[in-house]
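Here are a few short exercises for you to try, each with a worked solution. Have a look at the model first, then follow the steps.

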Amino acid sequence: MVNIMNYEIKYDTRDNIASLLSENNPKQVELIRKMAHDVLLENCGSGVYYRGLIEFSNRCVSDCYYCGIRRSNADVNRFDLTMDEIVDSALWCAKNGYGSIVLQSGENSSRDFIDFVCRAVETIKKRSISEELPNGLGVTLCIGEQSEADYARLFAAGAHRYLLRIETSNRELFKTIHPEAQSFDNRVECLRRLKRTGFQVGTGVMYGLPGQTYQMLADDILFFKDMDIDMLGMGPYIRHSSTPLKKNENQFIIEGDDLLRVSLLMIAACRLVLKDINIAATTALQTIDPTGREKGLSFGANVVMPQLTPVDYRKSYLLYDNKPCQEDTKEECKNCLSARVGSVGREVHYNEWGDSPHFKRKGESKN
Ligand code: SAH
């Protein structure tokens, strides 16, 4: 019999993190899960926070090789939600106690687009104020690479968190999944701009990319630490059939259980190393396992992003194949998710923004 106490779980160096991520002894995996869960409780508490996800436009100037809504995918019906559709979805969130929303779209830097998003944010902030939400909804943006001046406008409009995934912190790997015009350096520079602007900054990576190794994933975690990020949204890479990036073949992560195990260990390792940041259990996790999001929560995640995109548009926002929850109404989604959160002994904190404790602590130490 293996005595699990004989093993020591370490995550203090790149090599130790890489070996933690490649752990496949179920007892060790369970031990890592428990450690991550303890660190979560100590630093963030047991609450789970919702961000209602509104995918408001799939028009995109970028051409990421992995993404279903990339510019060159001619099969996609391009759409833009109207201002009313966006505001109505946001107000539904406010009424139903979701303290925050995420506005996500393809990439576009035109003046009209930024003006439109600023107006949407201002309207949502104003109209969502209530007794329960005296400062209105918390608004996170996920609209890609923009200039510092535009980030400042979006912040002034009332958005206070921003997600921009680095996708991988490995320059060489980054080049294999993006066209030349999309540079790693610009992505990093955008993260710095967001920080200077005052946003709570989220980033993240995909795992299971062709050519990716455990060492690279360990480096990703050290990159998050180095950049002092406040929030994380990560997920497995799932192939979209009309994109050029192939499935992972002959790689360390293959499919099914392995990808799930690595996904969960990535969440746990990030929780152990970064301690007090917010970590999302993303929808992509549920694509590879029907209870993927719950598992993500029990490995140290504390944020869930229910789909709020009107059902008719969801089929046009398929970043990858088999994206779940395509037909569920907002109400079904709410009930289903709160049951899922409850099933792992956790509780949704309604009517709270659920800001990153890491960001709050940085602010306190400055004062
Ligand atoms: N245009 C915005 C939003 C992009 S979509 C931006 O650039 O930030 C949000 C995330 O979906 C991406 O950052 C990427 O990590 C993820 N994604 C895209 N295609 C994917 C795929 N095939 N499998 C898994 N995740 C994918």
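## Exercise 1: the ligand shell

Sort the residues of the shell around the ligand by class.

*Solution.* The shell divides into 10 nonpolar, four polar and four charged residues. Here Ala, Val, Leu, Ile, Met, Phe, Trp, Tyr, Cys and Pro count as nonpolar, Asp, Glu, Lys and Arg as charged, and the others, Gly among them, as polar. This is a predicted model, where local features need pLDDT of at least 70, side-chain atom pairs count only at pLDDT 80 or more, and totals for chains, interfaces and linings use all residues. Residues are numbered from 1 along each chain as its sequence is written, and side-chain values use heavy atoms, leaving out hydrogens and water.

## Exercise 2: contacts and cover

Find the polar contacts of the ligand with Ser 105, Arg 165 and Glu 167.

*Solution.* Take a polar contact as a pair of N or O atoms within 3.5 Å.
1. Start at Ser 105, where a polar backbone atom is 2.9 Å from a nitrogen atom of the ligand.
2. Go on to Arg 165: a polar side-chain atom lies 2.7 Å from a ligand oxygen atom.
3. Finish at Glu 167, with a side-chain N or O atom 2.6 Å from an oxygen atom of the ligand.
4. Now add the cover: on its own the ligand has 550 Å² of accessible area (Shrake-Rupley method, 1.4 Å probe), and the protein covers 93% of it.

## Exercise 3: a ring pair

Why is the pair of Trp 92 and Tyr 98 edge-to-face?

*Solution.* Rings pair if their centres lie within 6.5 Å; planes under 30 degrees apart are stacked, over 60 edge-to-face and the rest tilted. The centres of Trp 92 and Tyr 98 are 5.5 Å apart and the planes stand at 90°, so the pair is edge-to-face. Trp 92 is buried (under 20% relative accessible area), at 11%, and Tyr 98 is buried at 1%.

Notes: A polar contact is a pair of N or O atoms within 3.5 Å; within protein, one must be able to donate a hydrogen and the other to accept it, and residues adjacent in sequence count only if both atoms are side-chain atoms. Rings of Phe, Tyr and Trp (its six-membered ring) pair if their centres lie within 6.5 Å; planes under 30 degrees apart count as stacked, over 60 as edge-to-face and the rest as tilted. Buried means under 20% relative accessible area, exposed over 50%, partly exposed in between (1.4 Å probe, protein chains only).
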